[in-house]
Amino acid sequence: MIRSTVARVDLDAVGRNLQAIRQFLAAGGDIGPTGSGRRPPRIIAVVNQKGGVGKTTTSINLAAGLAQSGQRVLLVDLDPQGNATMGSGIEKRDLQTSIYDVLLGHKTISQARKVAGVGGFDVLPSNRELAGAEVELVDMPRREKRLRES
């Protein structure tokens, strides 16, 4: 017997996330591009240990919304399933470089990033290779800082 599962998204949680983002932007929270004389980039993390609460959906929609409002956006997909990558219109199976290569120091963010198929933002894509990064990073110094320093 084949069992089918349906992912349930907590729409209330997604709504609360979007409301908090709207309040942040309305209060003057600018997520502007960097460069000479400009503020450093803002980092927005969408996290929750529970599955099915809309983290990926919120992240993709937030990235698209910010890009649409003129902001430069880099969506970093740190999930080996690569759903944010796929949801951004990028085929994860065809990737030559990904976040995995950046974390291991083989590529730079500029070399690994892709332009989203829809939405007008950039994506640092992920695929199943990322699952092996934890084992490979175990003995590396400052492994928790690798993304920040890349």
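This report walks through the confidence, the strands, the salt bridges and one loop residue of a predicted model.

**Confidence first.** The protein chain has an average pLDDT of 81, and 74% of the residues reach at least 70. At the start of the chain, residues 1-7 have a pLDDT below 50, and this stretch makes zero contacts in the model beyond near neighbours in sequence. Where pLDDT is low, the predicted coordinates should not be read in detail.

**The sheet.** Let us turn to the strands. Three of them form an open sheet with mixed pairing, in the order S1-S3-S2. Strand S2 (114-115) and S1 are the edge strands, each pairing on one side only. Between S1 and strand S3 (residues 122-124) there are three bridges, and the pairing is parallel.

Leu74 is a handy place to look at this sheet up close. Leu74 belongs to strand S1, which covers residues 74-76, and its bridge partner in S3 is Asp122. Leu74 also helps to make a nonpolar surface patch of about 230 Å², together with Val76 and Leu78. Why does Leu74 count as partly exposed? Its relative accessible area is 36%, and partly exposed covers the range between the 20% limit for buried and the 50% limit for exposed.

**Salt bridges.** Side chains of opposite charge can pair when their charged atoms come close. How many salt bridges does the structure hold? There are two, and the table sets them out.

| Salt bridge | N to O distance |
|---|---|
| Glu91 with Arg93 | 2.7 Å |
| Asp122 with Arg113 | 3.6 Å |

In the pair of Glu91 and Arg93, Glu91 is partly exposed, with a relative accessible area of 30%. Arg93 counts as exposed because its relative accessibility is 65%, over the 50% cut-off.

The other pair leads back to the sheet: Asp122, the bridge partner of Leu74 in S3, meets Arg113 through its side chain in a salt bridge. Arg113 has 39% relative accessibility, so Arg113 counts as partly exposed.

**A loop residue.** Val46 sits in the loop that links helix H1 (11-26) and helix H2 (55-68). Which residues does Val46 touch, leaving aside those up to four places away in sequence? They are Lys55, Thr58 and Ser59. For Thr58, twelve residues from Val46 along the chain, the C-alpha atoms of the two are 7.7 Å apart. Val46 has a relative accessible area of 25%, so Val46 is partly exposed.

Terms used: Residues numbered from 1 in each chain as written. Predicted model: local features only at pLDDT ≥ 70, side-chain atom pairs only at ≥ 80, totals over all residues. Heavy atoms only, no water. Patch = residues over 30% accessible without salt bridge, like charges linked within 9 Å, V, L, I, M, F, W, Y side chains within 5 Å. Areas by Shrake-Rupley, 256 points an atom, 1.4 Å probe, with all protein chains shown as cover. Salt bridge = Lys/Arg side-chain N within 4 Å of Asp/Glu carboxyl O. Helix = DSSP H or I, 4+ residues; strand = E, 2+ residues; numbered from the N terminus. Buried < 20%, exposed > 50% of the residue type's maximum accessible area, 1.4 Å probe, protein only. pLDDT = per-residue confidence, 0-100. Contact = heavy atoms within 4.5 Å. Pairing = 2+ DSSP bridges.
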